[in-house]
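Student: I have a new model open and would like to practise reading it. Could you walk me through a few features?

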Amino acid sequence: MDFTKLSVIKNIENIKDKKISCEDLILQYIKKIEENKEKKAVAEVFSSSLERAKEIDKKIAKNQKVGKLAGAVLLIKDNILYENHKMTCASHFLKDFISPYSASIIQKLMEEDAIILGRTNMEEFSINDSNNKSDGSAMSVNLSLCGAAISVDAGGSIILPAHLNGVIGMKPTKGRISRYGITASSSSFDQVGTITKSVKDSALLLNFLSGYDSFDQTTCKKEIPDYLEKTNKDTKNLKIGVIKQVYDYIDNESKKRLEKVIKHLKSKGVEIVEINYPYLDMVLPIYEILASAEFSSNLGRFDGIKYSTRSKFADTIEEVYRKSRSEGFGKEVKERIMLGNYFLLSENFDVYYNKARKAQSKLTKEIKKTFLNCDAILLPMELREKTNTNSQIKDLEKDVEKTLVALASITGLPSLSIFYDIEKEAGLINKKEKSVGIQIICDSFNEQTIYNIASMIETENLKEIQ
Amino acid sequence: MNKEYDIVIGLEVHAELDINTKIFCSCEKSFGEKPNTKVCPICVGFPGTLPILNKKAVEYTIMAGLAVGSEINKKAVFERKNYFYPDLSKAYQISQLQHPICIGGGIKLSSGKFIRLNRIHLEEDAGKLIHTFAGTEIDYNRGGLALIESVSEPDISSADEAIEFLTKLREFFVFSGVGKCRMERGEMRCDVNLSIKEKGSEILGNRTEMKNLNSFKSVYRAIEYEAKRQIELINKGEKIIQETRKWDDDKGESFSMRSKEDANDYRYFPDPDILQVNISQEVVDRLKKKIPLMPEERKEKYINEYNLPEYDAEILTSSKEISQFFEDSVKMLDNAKEISNWIMTEIMKIMKDDIIPISPQYFTDILKMLLDKKITRSNAKELLYEVCEKNMSPIEIANKRGMLKVITKEEIEKIVEKLIESNPNSVLQYEENSDKIVKFFVGGVMKETKGKADPILTKKIIVKLISEKLK
């Protein structure tokens, strides 16, 4: 039987019930990764995963207690540090980098006997990967190369690829999950999240990923509910807001789809309220300025001196920096570093950085106000018919898409992307022609409401499949 | 004709905080250890690491500010100062720009002139480069140590004033306990900004900056040199280039490092990894109580409350350790002058590296025995050294060694009479060489009494008895 297609929760049960061993499960995934090699979703399968699987199998055979994630086989994004394993951020610069320590989240997952199967491909230092269908993490989950992927979102790099690959992307509240051991790209926006096949898988993983970490002072001490336990599909008395300005951004086809979703939600007893939020134009500039400013500073440490590859042609210290960085970084990374440095120059600081920060706090305050009137905000993921070939319009599309996913990033709010199979004839979630991709955003630390709504949608979807 | 010029100096003083760990990780603060043995992924800036701000470092900075009369900012922000240098592991230094912890304050010089401080902020130190024949090596042991930077306004107008300012600033930090400021260890370093202006004029010339001066002497010499250089240039009709200069202490001159055009734009921005620090009035009040009196205030107190001469008060407040030792001792023994005398002579002699090897308790125990005439002065001294060596109670030692028994006048007389009888020749030599003979008999008495006899009394008795005998 092919166990790879199953959810994490199902496979945890299977391991417990001894329907399959961890070792065999890992071997099934490895086989699948081999079969899908040409898709380049996975950068490396860690050989340690088999050892770990055998250890856990031994424990099970001896009837010893195993962790609550025994059976969860995870791929991690290639910017998460796992002790004694390679991490490259998909950059030539870090091609030989071995992590000297493990990220706090890796430690937490390992304590519960999750198995880290390997690392997934990504765009170099996460640059532009929010628009990337070929994001290794999202692709891997879609192709069943792992049970779930632990990824890092900055400006939509979980939400969008997950959507494009027909799986569920979750970016929790800023400060919910520790960033210690995540290679920083844009610190304010970097946020660990999950890419999963089911809502409950995400809820389960969030239970273990969340929480204060003394190694990350920006994490929050707020209590962690048992997301999995508390997830219910009851959507009665729920109020969901739709930002009226969103309609200015989307074409008729997308509008029709969104209206179908709204109609369907209403039929489920959800109250839909209109929200006035005339700030969407500002989202992308804020994100671009702040993210590239932080990016330029965060990548300074890759200088050819310590762990990054040093140019063979450098004689002076100046040349070590210049040549190593010229050779080490790709074009897009360099562009973003240049841009970020430009925004931070003392003569530009007030015009760009400070303005963007002020605008960011205004936008955050305003969106938080809307939660006085609703429990969640619904945003569409698809914006225009994809038949457009005009490249300029395509760029515009990208901007709009990015605007709608970056909103949660700049405001630090939790968000989840899921397909809503309203036509009820799709058969498979992946057949997105007949389904609508949506994003649900809630107030800070209200991941539970997101899971409740997503769970209802998922149940609706599955009804037709079964 | 050459014009007259005023010198305008502003100082930036870096002082290492006296806390056990680095500012953003738990690595031990060290000095002179093997390179890169006191480092971790955080202070070497490995990918994925985040700074964990040390609370004590913030508290000490607040205390430093309170000691020099700064206002404490209600909110403090840490920013990144971005530049490339091999000793800077992250390619940015976490420092403070817009919202430092302390604002204002200043130091009053003995002339009455007030040197204003602009601010005191908290930041991390960089590592060190070690240049060898094989190439340059980097030692990150120092990287990430907690530093406070005190920035003065350009109120200083001579090398002497600069040194007095530095001396007083150092005293404030040492007395408030925030730093040891041992310059020979690089725990205090100084940048000098200097420009000149025509006497009476308000227009400042271009300023130069000399970085990382690590002794008062080099600060003094660098200022003298730079002022002279600038004045000479102007008198020759040349221009002063705004630049950073490096002071070479061996050569006694400075040379240009980089001009303003090459200067870094540090691209400061708030560090997204560190939350804004909110400092409440309660915290400030609590820390205020922790700050002891400063040397000036102590001096006054010693003169007025303990009736000590100014000379004594000056010496007793010359170091925090001595001052503290004095105050602790006075609490145990109400005889400030006696304590002061002993500190100024014996204690300062046996002090090593700012450490006094005897507790105020043991020290005052000895003095009490002496003042109660239970032991002699010479025994007291001997006892002091022995207590330092063995760290045992002086009462116990005195008991063991039989020092406590006081020899009466009668007993001394008996011993002297015996000595006269057994040394008739010596007695005969008395008239020729009285000093030598008295010394000889005192020695005899001390030997007999194991030093417990009062030497002055003994001397009197010897002179009296020998004179009687010779009659």
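Student: Let me start with one residue: does Cys89(A) count as buried or exposed, and at what relative accessibility?

Tutor: Happy to help, and keep in mind that this is a predicted model. Buried means under 20% relative accessible area. Cys89(A) has a relative accessibility of 1%, so it counts as buried. The residue sits in the loop between β2 (73-77) and α4 (104-111) of chain A.

Student: What is the phi of Cys89(A) near?

Tutor: The general idea comes before the case. Most residues other than glycine have a negative phi. Phi of Cys89(A) is near 50 degrees, a positive value in a residue that is not glycine.

Student: Which value does phi take at Asn307(B)?

Tutor: There phi is about 55 degrees, again positive although Asn307(B) is not a glycine. Asn307(B) belongs to the loop between α5 (295-305) and α6 (310-316) of chain B. Its burial is another matter: exposed means over 50% relative accessible area, and Asn307(B) has 64% relative accessibility, so it counts as exposed.

Student: Back to the loops of chain A. Where is Ser185(A), and which residues does it touch beyond those up to four places away in sequence?

Tutor: Look at the loop between β5 (168-171) and β6 (191-196) of chain A, where Ser185(A) lies. With 6% relative accessibility, Ser185(A) counts as buried. Leaving out residues up to four places away in sequence, Ser185(A) touches Phe125(A), Ser126(A), Ala154(A), Asp190(A), Glu294(A), Phe295(A) and Asn298(A).

Student: And where is the place of Gly156(A)?

Tutor: Gly156(A) is in the loop between β4 (148-153) and α6 (159-164) of chain A. Its relative accessible area is 0%, so Gly156(A) is buried. For a distance to check in your viewer, the C-alpha atoms of Gly156(A) and Lys40(A) are separated by 21 Å, and the two residues are 116 apart along the chain.

Student: Now the whole chain. How many helices and strands does chain A have, and why is it called as compact as a globular protein of its length?

Tutor: Chain A holds 15 helices and 11 strands. To judge compactness, set the radius of gyration beside the globule rule: chain A has 22 Å, close to the 23 Å that the rule gives for 466 residues, so it is as compact as a globular protein of that length. Its C-alpha trace spans about 70 × 65 × 45 Å along the principal axes. Of the 466 residues in chain A, 61% are buried. Among its contacts between residues at least 6 apart in sequence, 77% join residues at least 24 apart.

Student: What does the same reading give for the radius of gyration of chain B?

Tutor: Begin with the elements: chain B has 15 helices and 17 strands. Its radius of gyration is 30 Å, well over the 23 Å of the globule rule for 471 residues, so chain B is more spread out than a compact globule. The C-alpha trace of chain B spans about 95 × 60 × 55 Å along its principal axes. Buried residues make up 52% of its 471 residues. Of the contacts in chain B with a separation of 6 or more, 67% are between residues 24 or more positions apart.

Student: How far apart are the mean positions of the positive and negative charges in chain A?

Tutor: They are 2 Å apart, for 70 positive and 66 negative charges. In chain B, the centres of the 74 positive and 77 negative side chains lie 3 Å apart. As for surface, chain A has about 18800 Å² accessible, with 49% belonging to carbon and sulfur atoms, while chain B exposes about 23700 Å², 50% of it supplied by carbon and sulfur atoms.

Student: Finally, a sheet. What is the order of the three-stranded open sheet in chain B?

Tutor: The order is β5-β4-β16, with antiparallel pairing. Its edge strands are β5 (92-95) and β16 (269-270) of chain B, each pairing on one side only. Strand β4 (residues 79-82) of chain B is joined to β16(B) by two bridges and to β5(B) by four bridges.

Student: Which residues stand across from Arg80(B) in β16(B) and in β5(B)?

Tutor: In β16(B), Phe269(B) stands opposite Arg80(B); in β5(B), the bridge partner of Arg80(B) is Ile94(B).

Student: And which residues lie on each side of β5(B)?

Tutor: In a regular strand the side chains alternate between the two faces of the sheet. For β5(B), Tyr92(B) and Ile94(B) are on one side and Gln93(B) and Ser95(B) on the other; all are buried, and both faces are covered.

Conventions. Residues are numbered from 1 along each chain as its sequence is written. Chains are lettered from A and ligands numbered from 1 in the order in which they are written. This is a predicted model: local features need pLDDT of at least 70, side-chain atom pairs count only at pLDDT 80 or more; totals for chains, interfaces and linings use all residues. Side-chain values use heavy atoms; hydrogens and water are left out. The radius of gyration is taken over C-alpha atoms; the globule rule is 2.2 Å times the number of residues to the power 0.38. Buried means under 20% relative accessible area, exposed over 50%, partly exposed in between (1.4 Å probe, protein chains only). Contact means heavy atoms within 4.5 Å. Accessible areas come from the Shrake-Rupley method with a 1.4 Å probe; for residues, only the protein chains shown count as cover. Lys and Arg count as positive and Asp and Glu as negative; His and the chain ends are not counted. The place of a charge is taken as NZ of Lys, CZ of Arg, CG of Asp or CD of Glu. Two strands pair if DSSP finds at least two bridges between them.
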